[in-house]
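Colleague: I'm new to reading structures, and I'd love a close look at a single part: the pairs of oppositely charged side chains. Could you walk me through them?

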Amino acid sequence: MNLHFYKILAGCHIAAAFFFTGCAHSSKQSTEILTYTNPLPVQFGDPYILLASDSTYYMYGTGGGAKDGFCAYSSTDMVNWKSLGQVYHGNTAASWGIANFWAPEVYERNGKFYMLFSADWKVNPTNEQENFRIGVAVAEKPSGPFMDLSDKPLFDPGYPAIDGNLLTDEDGKTYLYYSRCCYKHPVDSEIAEQAKKEGKFEEIEESWIYGVEVKPDLSEIIGEPVLILRPPVLLNDRQSEWESRSVTTGEVNRRWSEGPYAFKKGDTYYLMYSANYFGGKNYAVGYATSKSPLGPFEKSADNPVLEKNIEKGGIVSGTGHNSMTWSKDGKQMYCVYHARTEKTGDERVVFIDKMEIDKDGHLHVEGPTTTPQPIR
C-alpha cells in the first residue's frame with residue numbers, strides 16, 4: 001500500500017491533514033483555520049454525504065476499495081475524514097445484488113439508517129448484460145453494518161434502474177427519483193438523426209429520470225413511476241448542446257439523464273441531474289425546478305451549473321453525479337460530486353464546493369475549485 005500525506009497551509013496554520021490507503025485511511029488534525037483543497041483524497045464515484053443527528057458527517061460512494069459493497073468515511077468538520085472501512089457487503093447468500101454496487105445514499109429515519117443503492121440483480125433469466133435494480137439496506141448506526149431490508153430489489157420496473165434518491169416532503173410523503181439506464185433504449189430525436197447522417201452512430205440510446213412515491217418504511221413503491229426528465233429531442237433546444245456532447249463529439253452512442261438529487265427550498269422543488277458519459281470529460285450537472293414533487297419539471301436556462309474547466313486553463317473534467325449537504329448551522333449549502341483531474345487520470349475523486357440559491361431562485365455552484373477553500 002502507498003501511504004500519502006496531504007496537508008494544506010493557510011498562512012501559518014495547518015489547515016487539514018489526510019492519511020489514506022484506499023478504503024482504509026484515517027486522518028486527524030485540529031486547526032484554527034479549517035480549509036480543504038479539491039480533490040479530497042477519497043477515491044469515490046457518486047459521493048453522498050449525510051449530516052446525521054449526532055452532528056457528524058458521513059460520506060458514502062462507489063468504489064473506494066470496497067469489494068462487492070460500500071465503504072464510508074466520517075468527519076466532524078467536513079475537512080478531516082476518517083475511514084470507517086466497508087460498511088455494506090453484498091454478493092452474499094442473503095443479498096439480492098451480486099455485482100456492480102453503485103451510488104449508495106444513506107438516510108436517517110426513525111432512529112435507523114437506510115441505504116439506497118444500485119446493483120446487478122441475481123434474478124436474470126434472460127441473461128441481460130445490464131440487470132441493475134435499486135434496493136435498500138438498513139443499519140442501527142451510520143457506520144453500519146448495513147443489512148439488506150429484503151431479498152429482492154425495492155421494485156422491478158422491467159428495465160435496468162440505477163441512482164436512487166429520496167425526498168421526504170412536509171406532508172410526510174416520500175418520493176424516489178431514479179434513472180432508467182440507456183441499455184436497450186434507443187430513442188428517436190433530431191440529435192440521433194444528425195449523428196446517423198454524419199456517420200457517427202446508427203442509433204442513440206438514452207437514460208431517463210423517473211419519480212414515484214414510496215411507502216414510509218421503504219418496502220415498496222406506491223403507484224406507477226412518472227417520467228421526470230429526458231435528454232432534449234430538438235437540436236434548437238437550449239439544453240441540447242451541453243447534454244449531447246458525448247454524442248456530437250463521437251465519444252459514445254448514448255445520452256444520459258442520471259444521478260438525480262432532489263431537494264425543496266421554499267415552495268420550489270429542485271432536481272439536479274447529470275448528463276453525458278460518466279467516464280468522459282463532458283460529464284456535467286444541470287438542474288430543473290417544479291412546484292410539485294413529481295413535476296412537471298422545467299430545466300434551467302442556467303445549465304450546466306457544473307462542468308469541466310480544462311478549456312479555461314483548469315485541470316478538472318468529468319464533473320458529475322452530485323449530492324448536497326449543509327453546514328451545521330444550516331446557512332451554507334455544499335455540492336458534493338466526483339470529478340477527474342490531470343493527476344488522478346481515470347480515477348474518480350471527491351470534490352466539495354459551495355452552492356447557493358439566489359433571491360430569484362437560481363442555483364449556483366462555485367466550482368470546480370482546486371485552491372484552498374474555507375469551511376464555515
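To begin with one residue, what is the relative accessible area of D156?

Modeller: D156 has a relative accessible area of 44%, so it counts as partly exposed. In these terms, buried is under 20% relative accessible area and exposed is over 50%, with partly exposed in between, using a 1.4 Å probe on protein chains only. Before going on, please keep in mind that this is a predicted model, where local features need pLDDT of at least 70 and side-chain atom pairs pLDDT 80 or more, while totals for chains, interfaces and linings use all residues. Residues are numbered from 1 along each chain as its sequence is written, and side-chain values use heavy atoms, leaving out hydrogens and water.

Now for the partner of D156. D156 forms a salt bridge with R133 (a side-chain nitrogen of Lys or Arg within 4 Å of a carboxyl oxygen of Asp or Glu), and the closest N and O atoms of this pair are 2.8 Å apart. R133 sits in strand β10, residues 132–139, while D156 is in the loop between β11 (147–148) and β12, so their pairing ties together parts 23 residues apart in sequence. Strands here are DSSP runs of E with at least two residues, and helices are runs of H or I with at least four, numbered from the N terminus. Unlike the partly exposed D156, R133 is buried, because its relative accessible area is 6%.

That pair has company: the count comes to 18 salt bridges. One of them joins D46 to R348, with 3.8 Å between the closest N and O atoms. D46 belongs to strand β4, and R348 to the loop between β23 (333–341) and β24 (349–357), so this bridge connects parts that lie 302 residues apart in sequence. D46 counts as buried, at 7% relative accessibility.

A third pair takes us to another part of the chain. K200 and E198 form a salt bridge whose closest N and O atoms are 2.5 Å apart. K200 is partly exposed at 32% relative accessible area, and E198 is partly exposed too, at 46%. Some salt bridges also share partners, and in this way E130, E205 and R254 are joined into one network.

Let's stay with the stretch of chain around E198 and K200 for a moment. Helix α1 covers residues 190–197, and G199, with a positive phi near 75°, follows this helix. Which residues of α1 are buried? They are I191, A192 and A195. These three lie on the same side of α1, because they cover an arc of only 100° around the axis, the arc being that of the directions from the helix axis to the C-beta atoms. An α-helix has 3.6 residues a turn, so residues three or four places apart point the same way. The buried residues of α1 pack against α2 (240–243), α3 (245–248) and β17 (254–255), where contact means heavy atoms within 4.5 Å. On the face of α1 turned away from its buried side you will find E193 and K197, both exposed.

To trace this yourself, begin at D156 and its partner R133, move on to D46 with R348, and finish at K200 with E198.
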